[in-house]
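Reader: Before we turn to any detail, could you take me through how one reads the features of a model such as this?

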Amino acid sequence: MANIIAIVGRPNVGKSTLYNRLTESRKAIVDDYSGVTRDRHYGQGEWTGKRFTVVDTGGYVHGSDDVFESAIREQVLIAIEEASVILFMVDVTTGITDLDDAIVDVLRRSKKPVFVVVNKVDHSLLQQEASIFYSFGLGEIYPISSMTGSGTGELLDDVVQHLEKDEEEADVRPTYAIVGRPNVGKSSLINALIGIERNIVTPIAGTTRDSIRIHYNQYGHDFFLIDTAGLRRKTKVKENIEFYSVMRTIKALEESDVVILMLDATEGIESQDINIFHLAEKNRKGVVILVNKWDMIEKNNKTTKVFEDLVKEKIAPFTDVPIIFTSVTEKQRIFKAIEAAAKVYENKVKKIPTSKLNDVMLPIIENYPPPAIKGKYIKIKYVTQITGRSPMFAFFCNLPQYIKEPYKRFVENKLREHFDFEGVPVQVYFRQK
């Protein structure tokens, strides 16, 4: 089960600041990447060994001065349905507003754990003021200052009690999630894959009401597919489609081994695709990029290369990812996508013998040692793979603190070159010998 913490509340109560604190990013998580305008959506956090995804619903309300109550209410409903824990943020300096009351009405009916987070409690005089929020009847209140961080530790201590511990899947079969923006062709891809002999494919109801796990076992492939396409229309929620699909995607992504990210060839790669890609990378998932509707593009002998370069430029620095051009309606290369996902999964669980690692990597490091700093020479003596959910390597040396990012990237590229980790995030650590 994915651990999702949703921060809800009216505008300007400090949701984004709290989001930045929980994900330990001083700026919104996606700011670093060019071409991303809609930031502050979702990112990773960890507290006392429990990992979680934080969703800031703030960035989804359209219209600045004229914020519609219904839009916020709709998001709260989606958050209640999809999240594991809800943080309801209010502002001590303005007290209780009508919009707060409207949100509380919705939250009271939910079965999910709700934490009332009173923000902007920057000094002890405001502690007294905060007690007014007990009148919501939602239990304990948590006075915090998301600017300084005071009170967030106590809040997280209680929040993580409601989250599930990271447990390795008992089933050894790989799980692939098909993700992408609405109308990119996810449903058509799944129908094309499973429409052949339906008796072999059994949809297994998944962890949420309509995230479907489909067991696929044919042509020598045996895996689970998570279908994020089946967004059944809810009676209460008049779809805020993009927000809803993001919440569903995060859930599927966290439960999968390999993420098949579908792009629309006619629209190119957009900010939400880049966000999902980096979230998959942060979660150490394998990634395959599937460019659909390729039959609708005017082509010459360079088209594929140009599109590939454009995608790689947007997803940098992790660009060692298979990109497959398909047309689901024409059934072009759809099985190639499954083969690519299987190969990426193999790369993800691959173990390299220590002796082989040292035989290959030590001579490379000897020829290209890390640059000396302040006259101190860095000597790397030994390398080994650490057991984990994705490939991780420890290099033992005398002065690990002096090794900079460019050299780590160099080492990672050499590992990829010699051992083939296409589609998988590789982590490199330097440790004291």
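**Reading the model, feature by feature**

Author: Leaving aside neighbours within four places in sequence, I144 is in contact with L18, M89, V117, V118, N119, K120, V121, S150, G151 and T152. This is a predicted model, and I144 lies in the loop between strand 6 (141-143) and helix 5 (152-159).

Reader: Is I144 buried or exposed, and what is its relative accessible area?

Author: Buried means under 20% relative accessible area. I144 has a relative accessible area of 0%, and it is therefore buried. One of its partners can also be located by backbone distance: I144 and N119 are 25 residues apart in sequence and 5.1 Å apart in space, C-alpha to C-alpha.

Reader: V118 was another of the partners of I144; which residues does V118 touch?

Author: Not counting residues up to four places away in sequence, V118 touches V90, V92, A130, F133, I141, Y142, P143 and I144. V118 is also listed, together with F88, L107, V116, I289 and V291, among the residues with the most contacts inside the largest nonpolar core, which has 61 residues. Helix 2 (residues 69-82) supplies the largest share of this core, 6 residues. A second core, separate from that one, has 28 residues and includes L189, Y216, V288 and L290.

Reader: How should I place these cores within the whole protein, and how many helices and strands are there?

Author: The protein has 12 helices and 16 strands, and of its 433 residues 55% are buried. If one takes the contacts with a separation of 6 or more, residues 24 or more positions apart account for 72% of them.

Reader: When two helices pack, what should I read from their axes, and at what angle do helix 6 and helix 10 cross?

Author: One takes the distance and the crossing angle together, and angles of 65 to 115 degrees count as roughly perpendicular. The axes of helix 6 (residues 186-194) and helix 10 (residues 334-349) come within 10 Å and cross at roughly 90°, which makes helix 6 roughly perpendicular to helix 10. L189, A192 and L193 in helix 6 meet I334, F335 and I338 in helix 10, and by class this contact has 6 nonpolar, no polar and no charged residues. L189 is also included in the second core.

Reader: Where does K343 lie, and is K343 buried or partly exposed?

Author: K343 lies in helix 10 and, with a relative accessible area of 35%, is partly exposed. K343 and V288 are 55 residues apart in sequence, with their C-alpha atoms 9.8 Å apart in space.

Reader: At what angle do the axes of helix 11 and helix 12 cross?

Author: The axes of helix 11 (residues 354-367) and helix 12 (residues 405-419) come within 11 Å and cross at roughly 135°, and the two helices are therefore oblique to each other. The crossing of helix 11 past helix 12 is right-handed. On the side of helix 11 the contact is made by K356, L357, V360, M361, I364 and I365, which meet Y407, F410, V411, K414, L415, H418 and F419 in helix 12. By class, this contact has 10 nonpolar, 1 polar and 2 charged residues.

Reader: N358 is also in helix 11; which residues is N358 in contact with?

Author: Apart from neighbours within four places in sequence, N358 is in contact with P363, Y382 and V383. Its relative accessibility is 11%, so N358 counts as buried.

Reader: Finally, how should I read the backbone, and which residues have a positive phi although they are not glycine?

Author: The general idea is that most residues other than glycine have a negative phi, and most peptide bonds are trans. R284, which is not a glycine, has a positive phi of about 60°; it is placed in the loop between helix 8 (271-282) and strand 12 (286-292), and with a relative accessible area of 19% R284 is buried. K293, in the loop between strand 12 and helix 9, has a positive phi near 65°, and at a relative accessible area of 21% K293 is partly exposed.

Reader: And which residues are joined by a cis peptide bond?

Author: A316 and P317 are joined by a cis peptide bond, with omega about 10°. P317 has its place in the loop between helix 9 (303-315) and strand 13 (323-325).

Methods:
Residues numbered from 1 in each chain as written. Predicted model: local features only at pLDDT ≥ 70, side-chain atom pairs only at ≥ 80, totals over all residues. Heavy atoms only, no water. Axes fitted to C-alpha atoms, helices over the stretch in contact; angles between N-to-C directions. Helix = DSSP H or I, 4+ residues; strand = E, 2+ residues; numbered from the N terminus. Parallel < 35°, antiparallel > 145°, perpendicular 65-115°, else oblique. Left-handed = near helix turned anticlockwise from the far one by under 90°. Contact = heavy atoms within 4.5 Å. Nonpolar A, V, L, I, M, F, W, Y, C, P; charged D, E, K, R; others polar. Core = buried A, V, L, I, M, F, W, Y, C linked by side-chain atoms within 4.5 Å. Buried < 20%, exposed > 50% of the residue type's maximum accessible area, 1.4 Å probe, protein only.
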